[in-house]
Amino acid sequence: MLRRKVESKLIEWKERKDHKALLVEGARQIGKSYSISKFGNENYDEFININFKITPDISEVFSGNLDIDTVLLGLRFRFQSYKFEEGKTLIFLDEVQECPEAITALKFFTIDGRFDVIASGSLLGIDYKRPSSYPVGYVEYLKMYALDFEEFLWSQNIGDDMISSLRMLYDQKSKVPIAVNNNMMSNFRKYIAVGGMPEAVQRFVDSGFYEEPDRVQRELITGYKYDIAHFAPAVEKIKAEQCYDSMSKQLLGKENHKFQYKVVSDGGSSRKYYSSVDWLITADMAFKSTNLSALKYNPVDYEDESNFRLYTNDVGLLIGTRDYNLKKEIIENSVTGATRGGLYECAIADILIKKGYKLHFYRNDQRSCEIDFVIAKDGAVVPIEVKSGNNRATSLKRIMSEDKTMEYGIKLMDGNIVVSEEGIITLPIYMAMFL
């Protein structure tokens, strides 16, 4: 049974006075239903699970008057074995995207206040079946992702005590013992190969073999493409799938990871594909990192929307698009060239996304300068370079020497902790989980 961080966030929500109905958003198959069900069964006297895909006819309960007494009357007829005790019952509206009226009803559950309500679903961001009255101001939102690297470490029996010890070394900027560092790099490569999709991780935990998560990854990719075919507007279906398929080539097959429409198809252009890329992002199937015209705070004010990189919502799904032999090379640490650099970059993007960062990078060809990631932290920007080997951070050194307002920059690599006079903090690449 996988341990998830979202469980503590759900408990915090429950214990907070005057909390509103909760809407848990995220891509399909990341463990939303499982985590919410586990939370509900462990923390309430009654847990009522309403799944609009499994029992679509229950949408009738929300088809008329949405005052809570009317809705509860309909629910009591459908769930006669439950008492519906006020303050002791959690109502879970799962796959809620299938019933827009149920999303609207969240407002009235919040106003009523007698019952805790959590709704969850996939593809909630797209226009398809969007309710006419979205409960703005009456709902709390929780974004959920697949397992992050720390959660993956838990699945590998690396406990909080070990992670806390690493965190202390990170805080103190002290070197990690060689044996520990090598072990953590091994686990980091495992994470790149397996990713964080719960079923893939669980299969890996149960079997110890990489064939099982590989099979799951390929099934999930097929499922994502089904979602594109089923939910995307007719004009976007083929183009969105082409863009999704192109991510692997753009990230692992070329040195410049800028998403280029001409790589998607001959003659590809922004006019042809921009809306398709936007659909993938809105559907939580991809995440965008935007180039900055300047390294200043606040980064969003300096975004160049025409220059961006596109990442899969889980690094394991990126690996699942490639031949199985790539997993073997990852584990053996024998990947070379542009693919190696792309893998490390994508793994860090995965970690930063799951920590809630908005991704940016900085590339200025006139200055021959490129910074892989730029994050906003504590009222400042922090430049981050990712190195697949023990390479020099030339661009980062230049930035730090030219801009004295930057307190520090970070270099992530397959190495150990070093702090330079230029203000560059070199970290083992797995320590991105502490940023």
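These exercises, each with a worked solution, concern a predicted model.

**Exercise 1. The cores**

Task: Find which residues have the most contacts inside the largest nonpolar core, and which helix gives the largest share of this core.

Solution. Step 1: The largest nonpolar core holds 61 residues, and Phe149, Phe188 and Ile348 have the most contacts inside it. Step 2: Helix α15 (residues 337-354) supplies the largest share of this core, nine residues. Step 3: There is also a second, separate core of 45 residues, and Val24, Tyr261, Trp279 and Leu280 are among its members. Step 4: Return to Phe149 and leave out residues up to four places away in sequence; Phe149 then touches Met184, Asn187, Phe188, Tyr191, Ile351, Tyr430 and Met433.

**Exercise 2. Helix α15 and its crossing with α7**

Task: Describe the span and burial of α15, then decide whether α7 and α15 are roughly parallel or roughly perpendicular.

Solution. Step 1: α15 has 18 residues and spans 27 Å from its first C-alpha to its last, which is close to the 26 Å expected at 1.5 Å a residue. Step 2: Of the 18 residues in α15, 15 are buried, and the helix is mostly covered. Step 3: The axes of helix α7 (residues 178-194) and α15 come within 10 Å and cross at roughly 85 degrees. Step 4: Angles of 65 to 115 degrees count as roughly perpendicular, so α7 and α15 are roughly perpendicular to each other. Step 5: The contacts between the two helices involve Met185, Phe188, Tyr191 and Ile192 on the α7 side, and Leu343, Tyr344, Ala347, Ile348, Asp350, Ile351 and Lys354 on the α15 side. Step 6: Just after α15 comes Gly356, with a positive phi of about 95 degrees.

**Exercise 3. The surroundings of Glu385**

Task: Is Glu385 buried or exposed, and what does its side chain make a polar contact with?

Solution. Step 1: Glu385 lies in strand β11 (residues 380-386). Step 2: Buried means under 20% relative accessible area; Glu385 has 3% relative accessibility and therefore counts as buried. Step 3: The side chain of Glu385 makes a polar contact with the side chain of Lys387, at 3.1 Å. Step 4: Not counting residues up to four places away in sequence, the residues that Glu385 touches include Glu370, Asp372, Thr394, Leu396, Ile410 and Leu412.

**Exercise 4. Backbone angles in loops**

Task: Locate Asn157, Asn333 and Asn298, and state the backbone feature of each.

Solution. Step 1: Asn157 is in the loop between α5 (149-155) and α6 (160-172). Its phi is near 65 degrees, a positive value in a residue other than glycine. With 73% relative accessibility, Asn157 counts as exposed. Step 2: Asn333 is in the loop between α14 (325-332) and α15. Asn333 is not a glycine, yet its phi is positive, about 60 degrees. At 30% relative accessibility, Asn333 counts as partly exposed. Step 3: Asn298 sits in the loop between β6 (286-292) and β7 (303-312). The peptide bond joining Tyr297 and Asn298 is cis, with omega about 5 degrees.

**Exercise 5. Sequence and space**

Task: How many residues apart in sequence are Gly113 and His19, and what is their C-alpha to C-alpha distance?

Solution. Step 1: Gly113 is found in the loop between α4 (100-112) and β4 (116-121). Step 2: The relative accessible area of Gly113 is 55%, so this residue is exposed. Step 3: Gly113 and His19 are 94 residues apart in sequence, and their C-alpha atoms are 8.8 Å apart in space.

Definitions and conventions: Residues are numbered from 1 along each chain as its sequence is written. This is a predicted model: local features need pLDDT of at least 70, side-chain atom pairs count only at pLDDT 80 or more; totals for chains, interfaces and linings use all residues. Side-chain values use heavy atoms; hydrogens and water are left out. A nonpolar core is a set of buried Ala, Val, Leu, Ile, Met, Phe, Trp, Tyr and Cys residues joined through side-chain atoms within 4.5 Å. Buried means under 20% relative accessible area, exposed over 50%, partly exposed in between (1.4 Å probe, protein chains only). Helices (H or I, at least four residues) and strands (E, at least two) are DSSP runs, numbered from the N terminus. Contact means heavy atoms within 4.5 Å. A polar contact is a pair of N or O atoms within 3.5 Å; within protein, one must be able to donate a hydrogen and the other to accept it, and residues adjacent in sequence count only if both atoms are side-chain atoms. The expected span of a helix is 1.5 Å times one less than its number of residues. Axes are lines fitted to C-alpha atoms, for helices over the stretch in contact, and angles run from 0 to 180 degrees between N-to-C directions. Angles under 35 degrees count as roughly parallel, over 145 as roughly antiparallel, 65 to 115 as roughly perpendicular and the rest as oblique.
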